[in-house]
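Please work through the following exercises with the sequence and the structure side by side, and try each task before reading its solution.

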Amino acid sequence: MTSDSRRRALRPVEPEPGVLVHSTADRRLAAGHWLLAAHPYPEQARTEWALHGVAMLPLGTLYSAVRIPGPLVQALAAGDEPRDLDAFLEDALADGPVICDPRHQRYYALVPATMPTSWRQVADDWRTHDVDCLGRGTYLGVPSPDRTDFRGCAGGSYWSVPMPSAAMLCAPLAVARLIAAGVHRLAQLAADTTQAPEATRVSPADHS
């Protein structure tokens, strides 16, 4: 493969027509193969999965990622428990795959490889809210497909929303709407805090 062709975003690999995926294990296996296809040495990345549970995979060829801070998601979700946040993201992004890094309180929504360029202007605005659209030239710690449970902050990254099938990614518009709603909600919460009346202080002289 030439360097020029390597720099271009690859088309998502669709499952072959007529192939039926019958179980969660089969879907995860297919998703794993597809995720590893972005790495120049897939077997090396597979070994990282086996040893560490997470492999550093390059973005911008098969897929890119949008980094979303945890507080933005928490502002929209019904609770702050990992299970509640995961369920919220699953619903908000229509089962689109999301990786959670609990140690740094960040979420990474996997999106089409072209999103960093096709949404560049919007993505530039997102950075003021600690949201970033990560593509070519960036590596992301991607957990193995079977790491789907929160194991504490020391447990490392896991799939907040597992990839439902090979090449199934988050819709850019759904991600953008989530970010816009989160930014608006955070602004509301900040305004409410600023406008809240201060508690009345009673000085000792009032009791004399």
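The exercises below concern a predicted model, and each task is followed by a solution in steps.

**Exercise 1. One side of a helix**

Task: Find which residues of helix H5 are buried, and explain why they can be placed on the same side of H5.

Solution. Begin by listing the buried residues of H5, which are Leu85, Asp86 and Leu89. Next, recall that an α-helix has 3.6 residues a turn, so residues three or four places apart point the same way. The buried residues of H5 cover an arc of only 100 degrees around the axis, and therefore they lie on the same side of H5. Now turn to the face of H5 that points away from this buried side, where the exposed residues Arg83 and Asp91 are carried. Finally, look for what covers the buried residues of H5, and you will find that the cover includes H4, E3, E4, E7 and H8.

**Exercise 2. A buried serine**

Task: Decide whether Ser160 is buried or exposed, and name the residues that it contacts beyond its neighbours within four places in sequence.

Solution. First locate Ser160, which belongs to strand E7, made of residues 158-161. Its relative accessibility is 7%, and because buried means under 20%, Ser160 counts as buried. Then list the contacts of Ser160 beyond four places in sequence, which are Asp86, Leu89, Val98, Ile99, Cys100 and Tyr107. Of the residues in that list, Asp86 and Leu89 were met above as buried residues of H5.

**Exercise 3. The nonpolar cores**

Task: Work out which members of the largest nonpolar core touch the most other members, and which element gives the largest share of this core.

Solution. Start from the general tendency that, in soluble globular proteins, nonpolar side chains tend to be buried together. In this model the largest nonpolar core has 25 residues, and Val66, Ile68 and Val175 are those that touch the most other members. At least two residues of this core come from each of several elements, including strand E2 (63-69), helix H7 (120-126) and H8, while the largest share, four residues, is supplied by H8. Take Ile68 as an example: leaving out residues up to four places away in sequence, Ile68 touches Val73, Arg106, Tyr107, Val175, Leu178 and Ile179. Apart from this core lies another core, of 24 residues, among them Trp34, Tyr63, Ala167 and Leu169.

**Exercise 4. Two helices that meet**

Task: Describe how helix H2 packs with helix H3, and say at what angle.

Solution. First note that H2 (residues 24-36) and H3 (residues 42-52) pack at an angle of about 125 degrees, with their axes 9 Å apart. That angle makes H2 oblique to H3. Next, identify the residues that meet, which are Gly32, His33, Leu35 and Leu36 in H2 and Pro42, Ala45, Arg46 and Trp49 in H3. Sorted by class, this contact has five nonpolar, two polar and one charged residues.

**Exercise 5. Two positive phi values**

Task: Compare the places of Asp95 and Ala167, and decide for each whether it is buried or partly exposed.

Solution. Begin with Asp95, whose phi is near 70 degrees, a positive value in a residue other than glycine. Asp95 is found in the loop between H5 and strand E3, and with a relative accessible area of 38% it is partly exposed. Then consider Ala167, whose phi is also positive, near 70 degrees. Ala167 lies in the loop between E7 and helix H8, and at 11% relative accessibility Ala167 counts as buried.

Key: Residues are numbered from 1 along each chain as its sequence is written. This is a predicted model: local features need pLDDT of at least 70, side-chain atom pairs count only at pLDDT 80 or more; totals for chains, interfaces and linings use all residues. Side-chain values use heavy atoms; hydrogens and water are left out. Buried means under 20% relative accessible area, exposed over 50%, partly exposed in between (1.4 Å probe, protein chains only). Contact means heavy atoms within 4.5 Å. Axes are lines fitted to C-alpha atoms, for helices over the stretch in contact, and angles run from 0 to 180 degrees between N-to-C directions. Angles under 35 degrees count as roughly parallel, over 145 as roughly antiparallel, 65 to 115 as roughly perpendicular and the rest as oblique. Ala, Val, Leu, Ile, Met, Phe, Trp, Tyr, Cys and Pro count as nonpolar, Asp, Glu, Lys and Arg as charged, and the others, Gly among them, as polar. A nonpolar core is a set of buried Ala, Val, Leu, Ile, Met, Phe, Trp, Tyr and Cys residues joined through side-chain atoms within 4.5 Å. The arc is that of the directions from the helix axis to the C-beta atoms.
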